[in-house]
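Please follow the strands of one chain in the structure below, with attention to how they pair and where their side chains point.

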Amino acid sequence: MRHAISNIFSGLVLPGLVAMAAVAWSGVAFSEGLSTGGVMSEGDVNRGATTWANNCTRCHEMRSPTEFRDDIWKPVVAHMRLRGGLTGEQQRDVLAFLQASNSPRAAQVSFEDSTPGTGLSGKDIYSQTCVACHGANGKGAIPGVPDFTRPTGPLSKPDEELLHNIINGYQGPGSQMAMPAKGGNPELNAADVRAVLEYLHESFGQ
Amino acid sequence: MKHLTSQWRQTALAAVIAVALPLNAAADSTVGDDTYEALKSQVEMLQQQLQQIQETLKQYEQQTVTNEEVQELKQELAEVASQQSEWKNTDSIVHLAGYGDATYSDKEGSPGAFSGARFNPIFHYQYKDLLMLGAEMAIEVEDDGGTSTELEYTTIHLFATDYLAVGGGKFLSPTGQFRQNIHPSWINKLPTAPSGFGHDQAAPISEVGLQGMGGFLVAGLNINYGAYVGNGPILEIDAVDGEIEAVEAEGRTSNDDDKLVYGGRLGLAPWPNSEVGVSFATGEVAGEDEKNNATRDYDVYGADAAYKWRNLGLRGEFIKQKVGSAGSSAAPNSASWQAWYAQAAYRFMPTNFEGVVRYSDYDANLKNQDQEQWALGINYLFAPNAMAKLAYNFNDGKNNSNADDNAFQVQFAYGF
């Protein structure tokens, strides 16, 4: 039996790996995202936030997007694709999220910026941009994220303060990582953020 | 420009008024003293205003930039923007990562000592989204004051598709998780590896060969895989006692037994921040000096699981290496090495403290190497990638052996 298994691997695995490498070098696209000549999809910030929140902490503590510059995140995320068994699309998504989320906090984002906005409901924005870290129940999905449902939690603060924190990013006491400006989604405008805050109050407020 | 014209108009108007008002007052000889004084004060006020306007105008003229200056500024901006773009959009990227640690250890029967000073730089060279070379060195101070330098891995990966990266070189063994992903000291929650997961124990360390790895998303389920073919390990044989001491499962560039080893791992992530995986490897191996005169079967089986739920991190792993018998060997009998561990780590939010408990059990081929261990630890996380660890290992091994001595450790680890 053991010899049979060994023969299978001898006969299939090695030639298979060599064949895959050869195909890749020749530039023949057998998937949409082939790196050698194929057109790769753009990274998606929202998907990236989810992939980042759902994968990184199973091995190590969550590293803040602000830890590295845009150009440094690129090889780091490529390395993590190999370590974490991510797909190429997930790699690009996570990179887009990290690069969108590491702007210096001093660069304040205006309430009345000219971003067109998503036009989505607060619930939809929450489920795309916020849920990865804050969780579907608002109690926080990763360490250091506050519980929205606590009576003395973040939602007990004045709305103006909350809007400011969401728009510009915020790092709570005891948390080792800051929430990026607009949750890392640069497409949100002030109206979107207000819609999300309304949803937070409706769903998790006391 | 419009603003400038407006300023000139104001100045001219004020000047006309300032001159006209006194003349008008002088011409009208019938005005009384009160009227004269009122007009005089108005003139003085207007003169003051005129002076202020002239000063403002002078400042404005000093601040006004010429078209040439604007063009120079634009050119400078374009150059800066170009430079910004250059470092962001190069084809090749060089990046240095890695980790280091410093350890104090006090073991029963041995004097306490600062027992570890280690620096593991990791080099990344990436060409577009196509190639990545990753290499890690392990530079460590030794007992006698010397320095050991080893190449943990060096692999060139080709990102062939979104679902496959093909790599060649020396790579960390994909059988199991600890040796591949958890062993760096800034990730490992305790200063030591679990029993049986150290060098020359139950878990394979690295391999030299060819590797394919990647991931898929199937109905929202993350599936990852790694498959490899390599030279395989060799056996450390004690010819005098006729025993196999250990499997040297660390990548080497020789293949004296003329047999390759094939293996891999398949992992699934059923929930966010969870993963279960199974590993295997199979092939043939021989003793270090016996080469292909006494080859024998070699098999590895492993299973691992990890789950992070809010502040609680759970993980565990089982690994077994076994070799068959070889009649022509100085150590003809079969042998096996088996180890497993289970670990829980809990972060006491909102503080930076974390408690860790780990149980591990190692059954070696030579019974004096067996060890059962409870490790308790308390960590302080200065940052997600920097932590101080304080731990105590309750070891249970063969009486009076090194494996039986309890140990206290303090370690500071930093990943960058």
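Buried here means under 20% relative accessible area, taken with a 1.4 Å probe over protein chains only. The model is predicted, and with that in mind a good place to begin is strand β18 of chain B, residues 407-415, whose side chains alternate between two faces. Ala407(B), Gln409(B), Gln411(B), Ala413(B) and Gly415(B) point to one face and are buried, whereas Phe408(B), Val410(B), Phe412(B) and Tyr414(B) point to the other and are not buried. In a regular strand such alternation between the two faces of the sheet is the general pattern.

Strand β18(B) has pairing partners that can be traced residue by residue. Strand β1 of chain B, residues 92-107, pairs with β18(B) in the antiparallel sense over nine bridges, and Lys107(B) stands opposite Ala407(B) in β18(B). Strand β17 of chain B, residues 386-397, also pairs with β18(B) in the antiparallel sense, over eight bridges, with Ala413(B) in β18(B) as the bridge partner of Met387(B).

Earlier in the chain, strand β15 of chain B, residues 353-363, is largely enclosed by the rest of the structure, because eight of its 11 residues are buried. Strand β14(B), residues 335-347, pairs with β15(B) in the antiparallel sense over 10 bridges, and these two strands form a hairpin with five residues between them; within this pairing, Arg358(B) in β15(B) is the bridge partner of Gln343(B). Strand β15(B) further pairs with β16(B), residues 371-383, in the antiparallel sense over 10 bridges, where Gly377(B) in β16(B) is the bridge partner of Val356(B).

Definitions and conventions:
Residues numbered from 1 in each chain as written. Chains lettered and ligands numbered in written order. Predicted model: local features only at pLDDT ≥ 70, side-chain atom pairs only at ≥ 80, totals over all residues. Heavy atoms only, no water. Buried < 20%, exposed > 50% of the residue type's maximum accessible area, 1.4 Å probe, protein only. Helix = DSSP H or I, 4+ residues; strand = E, 2+ residues; numbered from the N terminus. Pairing = 2+ DSSP bridges.
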